[in-house]
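Reader: I am in my first year and would like a close look at a single part of this structure, with each term explained as it comes up. Please start with one loop and then place it in the rest of the chain.

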Amino acid sequence: MNDSTPIRRRVRTATGGISDSRVNDAKTQSQYQPYKDAAWGFINHWYPALFSEELGEDAVEGIQICGIPIVLRRVNGKVFALKDQCIHRGVRLSAKPMCFDKKSITCWYHGFTFDLETGTLVTIVANEEDKLIGTTGITSYPVQEVCGMIFVFVRADDFPDADVPPLSHDLPVRFPERSEEFPHPLWPAAPSILDENAVALGMHRTGFTNWRIACENGFDNAHILVHKDNTIVQAMNWVLPLGILPTSDDCISPIEDEDGPKGMMQWLFTDRWAPVLENKMLDIKVEGLNGRFYRTSVVLPGVLMVENWPEEHIVQYEWYVPITEDTHEYWEVLVKVCPDEKAQKDFKYRFDRVFLPLCLHGFNDCDLYAREAMHDFYADGTGWDNEQLVSTDVSPITWRKIASRWNRGIAPPGRGVENATKHSPIKYRRLSEGKAPGYFVEKIND
Ligand code: FES
Ligand SMILES: [Fe+2]
């Protein structure tokens, strides 16, 4: 480049910075039909199931992901996961855990006993000679435990072991490996839960809306308006824009390497996006003094990464784990590399006193209610066609297309599981007892 090279300005178009071809219409919508069909989520992916501390030695816990009931048991430190639906008459094994040895789990109702590793029916307590034994069983799910989190590969019953991808294919991209591809001049390389000495601190809770609505909120660049009055924003005097507008068609890069996660990276705080700090007509101005640079990316099966958030050297991960088509488990996890005990203690101290109350609650509570506020519009399926999107919505549109292209399977509606039918008398009884539908199985008390 010589001195006389003219500086090219990005040209804004009528749609506010990106070309018409990127705006939503029927043709674009047809490119993400699989996403519209994925009300119960994408299966054959890795999902977080529990924090390690939620499953002590010999503990049994029942959860539900993508409409599939799953029971987890830890034996000699190792976690096993099986389908939590007895093949005999369908009760959940986790409702009343019964384990006679370290290799199996027994159904508390009529004694069908399943091998923990393979799910094979190995005996029936009072029917040792039955010809069913050894010929059938329940699905087992691969488990991996990293950084204090238990991940389960939630698969279709016929998904072969040999095809199970590494966990890293369903986690955010890593740095510094991909720093050249996705440069980050304004902050240090984001840590990963796969890094040595990484510490993950967070929480999970049930959100009462479809997982896609929740996921799209995580990287929606116009929604930061809901955070304008948050305590952490005001206390830290952050310059949090009213919104961020795309200024060019390359504002988002797909993440589609064959041997890695699939998703998209948003080039926030570069010249491909313009922060909006003022609305003249409404006389609103962002008054903060301290820059708060961050960047969001999302990969299948719906994992958000917010780099440089809520402060330097920390990254926020979020998962929106489908439970049913109208509930999801919302995971918020902060990750930091802590090379020694002192660093771990300091992170934990700051987590307990600042990040948990003001960020994961406080700031992200706003996201949760905004997502739930969208639920009715999308719940009957018509919202996907009736929404009127604008240029900033290039983010969800791009994500929907990428998710449609790369998911490993659309979860069928849950069968024979809690909340698969909306009018179960059991559900009404629980509601009348003040219990909301949730993620964990309700244990039976003797
Ligand atoms: S329902 Fe499980 S053994 Fe009968
Ligand atoms: Fe938000």
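Author: Asp283 sits in the loop that joins strand 17 (278–279) to strand 18 (284–285), where strands (E, at least two residues) and helices (H or I, at least four residues) are DSSP runs numbered from the N terminus. This is a predicted model, in which local features need pLDDT of at least 70, side-chain atom pairs count only at pLDDT 80 or more, and totals for chains, interfaces and linings use all residues. Residues are numbered from 1 along each chain as its sequence is written, while chains are lettered from A and ligands numbered from 1 in the order in which they are written.

The backbone of Asp283 deserves attention, since its phi is near 60 degrees, a positive value in a residue other than glycine. As a general rule, most residues other than glycine have a negative phi, and most peptide bonds are trans. Asp283 counts as exposed because it has 7 C-beta neighbours inside 10 Å; the scale calls a residue buried if 20 or more other C-beta atoms lie within 10 Å of its own, exposed if 12 or fewer, and partly exposed in between, with the C-beta atoms placed from the backbone.

Another loop residue can be set beside Asp283. Asn76, in the loop between strand 3 (68–75) and strand 4, is likewise a residue other than glycine with a positive phi, near 50 degrees. With 7 other C-beta atoms within 10 Å, Asn76 is exposed.

The strands on either side of Asn76 lead to a sheet. Strands 3 and 4 belong to an open sheet of 4 strands, in the order 2-3-4-8 and with antiparallel pairing; two strands are said to pair if DSSP finds at least two bridges between them. The edges of this sheet are strand 2 (60–65) and strand 8 (140–141), each of which pairs on one side only. Strand 8 and strand 4 (residues 78–83) run antiparallel and are joined over 2 bridges, and Leu82 has Ser140 in strand 8 as its bridge partner.

The loops also hold peptide bonds to look at. The bond from Leu300 to Pro301 is cis, with omega near 5 degrees, and Pro301 lies in the loop between strand 20 (295–299) and strand 21 (303–307). The bond from Phe175 to Pro176 is cis too, with omega near 5 degrees, and Pro176 lies in the loop between strand 10 (149–154) and strand 11 (198–207).

Two helices supply further examples of how residues are placed. Leu368, in helix 5 (residues 341–379), is partly exposed because it has 19 C-beta neighbours inside 10 Å. Leaving aside residues up to four places away in sequence, Leu368 touches Gly207 and Tyr330, a contact meaning that the C-beta atoms, placed from the backbone, lie within 7 Å. Helix 8 (residues 425–432) lies largely in the open, because the number buried among its 8 residues is 0. Arg430 lies in helix 8 and, with 16 other C-beta atoms within 10 Å, is partly exposed. Helix 8 is followed by Gly434, whose phi is positive, near 85 degrees.

These parts can now be placed in the chain, which is divided into domain 1 (21–40 + 177–406) and domain 2 (45–146 + 419–432), with bounds that come from an automatic or database domain assignment. The centres of the two domains, taken over C-alpha atoms, are separated by 33 Å. Where the domains meet, 12 residues of domain 1 are in contact with 10 residues of domain 2. On the domain 1 side, the largest share, 3 residues, comes from strand 22 (residues 315–322). By class, that side has 10 nonpolar, 2 polar and no charged residues; Ala, Val, Leu, Ile, Met, Phe, Trp, Tyr, Cys and Pro count as nonpolar, Asp, Glu, Lys and Arg as charged, and the others, Gly among them, as polar.

Taken as a whole, the secondary structure of the chain comes to 8 helices and 23 strands. Its radius of gyration, taken over C-alpha atoms, is 23 Å, close to the 22 Å that the globule rule gives for 446 residues, so the chain is as compact as a globular protein of that length; the rule is 2.2 Å times the number of residues to the power 0.38. Of those 446 residues, 39% count as buried.

Note on methods: Contact = placed C-beta atoms within 7 Å.
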